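Q: Please take one part of this model and look at it closely. Start with how its side chains are arranged, then work outward to whatever surrounds it.

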Amino acid sequence: MKRLWVALGLGFLLATAAWAGDIEGAVTVDVGKLPPRAKNTNPDMKKNQGQYKKSDLTKAKSGGEGGAEKLDERENVIVYITKDADGAKLKATPTTRDILQENREFKAHVTPVVLGSTIRFVNKDSFFHHIYSPDSSKLNVPQHSTHVERKPDRLGKFELFCDIHPLMNGYLYVVPNDFVIVAKGGKFVLKGVPAGTYTVEAWHPRVKAKSSKVTVPASGKATVNFSL
C-alpha cells in the first residue's frame with residue numbers, strides 16, 4: 001500500500017509539472033523620453049540631517065552619492081504576473097530580501113518582493129543612513145548603521161530616499177505572487193507558470209507600466225514583449 005501511495009504521489013507531481021509552461025520575452029525602454037530621477041522632498045530632511053555628525057555631512061557633500069544610475073534602463077524593469085484572472089490562484093511565498101545601502105546608493109535600484117515578505121535594510125557604509133519613503137511611513141528607518149527590518153503591507157510601489165544623502169533613490173515593488181523577475185539585459189523568463197490565462201505587467205519607476213494578457217499552454221512557452 002505504501003508503494004502505491006508513493007507511486008500515485010510521483011504520478012501527481014509529474015502530471016502537475018507537465019501542465020506548466022514558461023512566459024518569456026523582451027523589454028525596451030525609450031531612454032530619450034524618461035523624466036529626471038526623483039529627488040527627496042521630505043520637509044523634515046533638514047531636521048533629520050541635524051541628528052548626524054558633521055563628519056557624516058561632509059562625506060555626504062563630497063560627491064559620489066546617487067541612485068545607482070544604470071547604463072541599461074531595461075534592467076530597472078520588473079516583469080510580473082498580476083492577481084487578475086488565473087493569477088489569483090498563484091502561490092505567494094514570503095521571503096526576506098536585503099536592500100543594501102552602499103557608496104551612498106540603494107542596491108539594487110529596483111527590488112521586487114512578494115507580498116508578506118520582510119525587507120532587511122543593510123547599511124554597508126561606515127556612516128549613518130536615514131531611510132525615508134513618501135509612500136509609507138512604515139518603511140522609514142531613522143539613523144541606522146547596521147541592519148533594520150521592515151514589512152510592507154500592500155501591493156505596489158514604495159519609493160526610497162535617504163534624508164542625509166538627498167540624491168539616494170531606490171524602489172521597492174511588492175507583487176502578489178512568486179512569478180516576478182527583473183529584466184536583465186532586457187530579457188526575461190517566468191518559469192513553470194501553471195497553464196492558464198494571465199495578465200503580465202512590465203513596471204519601470206519613471207514611465208507608465210504596460211500590461212498584456214497571456215495564455216500559457218500546458219507545456220511549452222508563451223511570448224510577450226513590452227515597449228516602455
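A: In strand β11, Asn169, Tyr171, Tyr173 and Val175 point one way. Gly170, Leu172 and Val174 point the other way. All of these residues are buried, meaning that each has under 20% relative accessible area; over 50% is exposed, and partly exposed lies in between (1.4 Å probe, protein chains only). In a regular strand the side chains alternate between the two faces of the sheet. Strand β11 covers residues 169-175. Strands here are DSSP runs (E, at least two residues), as are helices (H or I, at least four), and they are numbered from the N terminus.

This is a predicted model, in which local features need pLDDT of at least 70 and side-chain atom pairs count only at pLDDT 80 or more, while totals for chains, interfaces and linings use all residues. Residues are numbered from 1 along each chain as its sequence is written, and side-chain values use heavy atoms, with hydrogens and water left out.

How many residues of strand β11 are buried? The count is seven of the seven, so the strand is largely enclosed by the rest of the structure.

Next, the partners. Two strands pair if DSSP finds at least two bridges between them. β5 and β11 run parallel, joined by five bridges. Here valine 114 stands opposite valine 175 of β11. Strand β10 (residues 156-162) runs antiparallel to β11, with six bridges. Leucine 160 stands opposite glycine 170 of β11. The link from β10 to β11 is a hairpin through six residues.

Around β10 there is also a charge over a ring. The charged end of arginine 154 sits over the ring of phenylalanine 158, 4.0 Å from the ring centre. The rule asks for NZ of Lys or CZ of Arg within 6 Å of the ring centre and within 35 degrees of the ring normal.

Now the aromatic side chains. Rings of Phe, Tyr and Trp (its six-membered ring) pair if their centres lie within 6.5 Å; planes under 30 degrees apart are stacked, over 60 edge-to-face, and the rest tilted. By this rule there are four aromatic pairs. In one of them, the ring centres of tyrosine 171 and tryptophan 203 are 6.0 Å apart and the planes stand at 70°, so the pair is edge-to-face. Tyrosine 171 belongs to strand β11 and tryptophan 203 to strand β14 (residues 196-204), so the pair ties together parts that are 32 residues apart in sequence. Tyrosine 171 and tryptophan 203 are both buried. One aromatic cluster takes in Tyr80, Tyr171, Tyr173 and Trp203.

Tyr80 leads to β2. Ile78 and Tyr80 point one way from β2, Val79 and Ile81 the other, and all are buried. β2 pairs with β14 in the antiparallel sense over four bridges, and valine 79 stands opposite alanine 202 in β14. Three bridges join β2 to strand β12 (residues 180-182), again antiparallel. There, isoleucine 78 stands opposite valine 182.

Back to the parallel partner, β5. Serine 117 sits in the loop between β5 and β6. With 0% relative accessibility, serine 117 counts as buried. Its C-alpha is 8.7 Å from that of valine 174, although the two residues are 57 apart along the chain.

On the other side of β5 is a loop from β4 (105-107) to β5 (110-114), and alanine 108 lies in it. A cis peptide bond joins lysine 107 to alanine 108, with omega of about 5°. Most residues other than glycine have a negative phi, and most peptide bonds are trans. Arginine 104 has a positive phi, near 60°. Arginine 104 lies in the loop between β3 and β4 and is buried at 12% relative accessibility.

Aspartate 125, in the loop between β6 (118-123) and β7 (129-132), contacts the backbone of arginine 104. A polar atom of the aspartate 125 side chain lies 3.3 Å from the backbone nitrogen of arginine 104. The same side chain reaches the backbone nitrogen of asparagine 103 at 2.7 Å.

Definitions and conventions: Polar contact = N/O pair within 3.5 Å; in protein donor to acceptor, adjacent residues only side chain to side chain.
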